[in-house]
Amino acid sequence: MKSKNAKKGSKNDKVKRNVQTMKKAPGKHSKEEIISEEELDNRIAIDGDIRLYFTMYLKIFIDGHFRHPKKKKLINLAQYIYDQKVLYIHKHGGYKLMELSSIHAELGALKKPVEEEYMKEKKEKKEQAEKVKSKY
């Protein structure tokens with residue numbers, strides 16, 4: 001704690017604040033690895049338009065087939081996709097692994113339209129199956 005006579009911006013307060021900030025976000029200071037196109041070809045990676053990849057996982061998530069030890073949340077799906085380390089984006093003349101926050105944001109943006117379309121598809125398939133069943 002600060003004594004009454006200490007100045008407002010004393011050195012001890014600044015050091016304490018820096019330590020607290022580092023504890024909150026220790027990974028913020030890590031460097032991003034940017035790889036070449038040749039290295040990207042050597043890895044099992046996906047680059048470019050990744051909406052189909054996200055759509056596939058969202059359909060699995062919507063059907064309830066995504067199992068996670070914690071809860072069935074979108075952030076857990078994003079963490080699962082991030083842990084696979086296959087999504088790369090073009091950056092500074094090379095390719096960089098897509099960040100967890102970016103994956104989560106993309107999934108969040110795609111979830112509602114994918115869910116609406118997927119439910120519509122399932123409903124149409126169910127109606128077609130009922131029509132075929134009623135013919136026999």
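Modeller: A residue is buried under 20% relative accessible area, exposed over 50%, and partly exposed in between, with a 1.4 Å probe and protein chains only. The areas come from the Shrake-Rupley method.

Colleague: What kind of model do these terms describe, and which limits apply to it?

Modeller: This is a predicted model, in which local features need pLDDT of at least 70 and side-chain atom pairs count only at pLDDT 80 or more, while totals for chains, interfaces and linings use all residues. Residues are numbered from 1 along each chain as its sequence is written, and side-chain values use heavy atoms, with hydrogens and water left out.

Colleague: What makes up the chain, and in which order do its elements run?

Modeller: The chain has 5 helices and 3 strands, in the order α-β-α-α-α-β-β-α from the N terminus. These elements are DSSP runs: H or I of at least four residues for a helix, E of at least two for a strand. Of the 136 residues, 22% are buried.

Colleague: Why is Y53 called buried, and why is Y57?

Modeller: Y53 has 16% relative accessibility and Y57 has 12%; both values fall under 20%, so both residues count as buried. They sit in helix α3 (residues 51-63), and because they are 4 residues apart, about one helical turn separates them.

Colleague: What makes F66 and Y80 an edge-to-face pair?

Modeller: Rings of Phe, Tyr and Trp (its six-membered ring) pair if their centres lie within 6.5 Å; planes under 30 degrees apart are stacked, over 60 edge-to-face, and the rest tilted. The centres of F66 and Y80 are 5.8 Å apart and their planes stand at 70°, so the pair meets both conditions. F66 is in the loop between α3 and α4 (74-84) and Y80 is in helix α4, so the contact ties together parts 14 residues apart in sequence. F66 is buried at 10%, whereas Y80 is partly exposed at 39%.

Colleague: How many aromatic pairs are there by this rule, and why is that of Y53 and Y57 called edge-to-face?

Modeller: The count comes to 5 aromatic pairs. For Y53 and Y57 the centres are 5.2 Å apart and the planes are at 70°, so this pair is edge-to-face. Y53, F54, Y57, F61, F66 and Y80 form one aromatic cluster.

Colleague: How do you know that I81 is buried?

Modeller: The relative accessible area of I81 is 1%, which lies under the cut-off for buried residues. I81 is placed in helix α4, and its C-alpha atom is 8.4 Å from that of L100, 19 residues apart along the chain.

Colleague: What makes R43 and E33 a salt bridge?

Modeller: A salt bridge needs a side-chain nitrogen of Lys or Arg within 4 Å of a carboxyl oxygen of Asp or Glu. The closest N and O atoms of R43 and E33 are 3.3 Å apart, so the pair qualifies. R43 lies in the loop between α2 and α3 and E33 in the loop between α1 (11-24) and β1 (34-35), so the bridge ties together parts 10 residues apart in sequence. R43, at 27%, is partly exposed, and E33, at 52%, is exposed.

Colleague: How do you know that K122 and D63 form a salt bridge?

Modeller: Their closest N and O atoms are 3.1 Å apart, so the distance is within the limit. The pair links distant parts of the chain, with K122 in helix α5 (residues 100-135) and D63 in helix α3, 59 residues apart. K122 at 38% and D63 at 28% are both partly exposed.

Colleague: How many salt bridges are there, and what do the closest atoms of K96 and E99 show?

Modeller: The structure holds 5 salt bridges. K96 and E99 form one of them, with the closest N and O atoms 3.0 Å apart. K96 is buried at 5%, whereas E99 is partly exposed at 35%. E33, E39 and R43 are joined into one network by salt bridges that share partners.

Colleague: Which residues gather in a patch of negative charge, and why is D41 called exposed?

Modeller: E37, E38, D41 and D47 form this patch on the surface. Asp and Glu count as negative, Lys and Arg as positive, and His and the chain ends are not counted. Patch members have over 30% relative accessible area and no salt bridge, and like charges are joined within 9 Å, each placed at NZ of Lys, CZ of Arg, CG of Asp or CD of Glu. D41, in helix α2 (residues 37-42), has 59% relative accessibility, so it counts as exposed.

Conventions: Patch = residues over 30% accessible without salt bridge, like charges linked within 9 Å, V, L, I, M, F, W, Y side chains within 5 Å. Areas by Shrake-Rupley, 256 points an atom, 1.4 Å probe, with all protein chains shown as cover.
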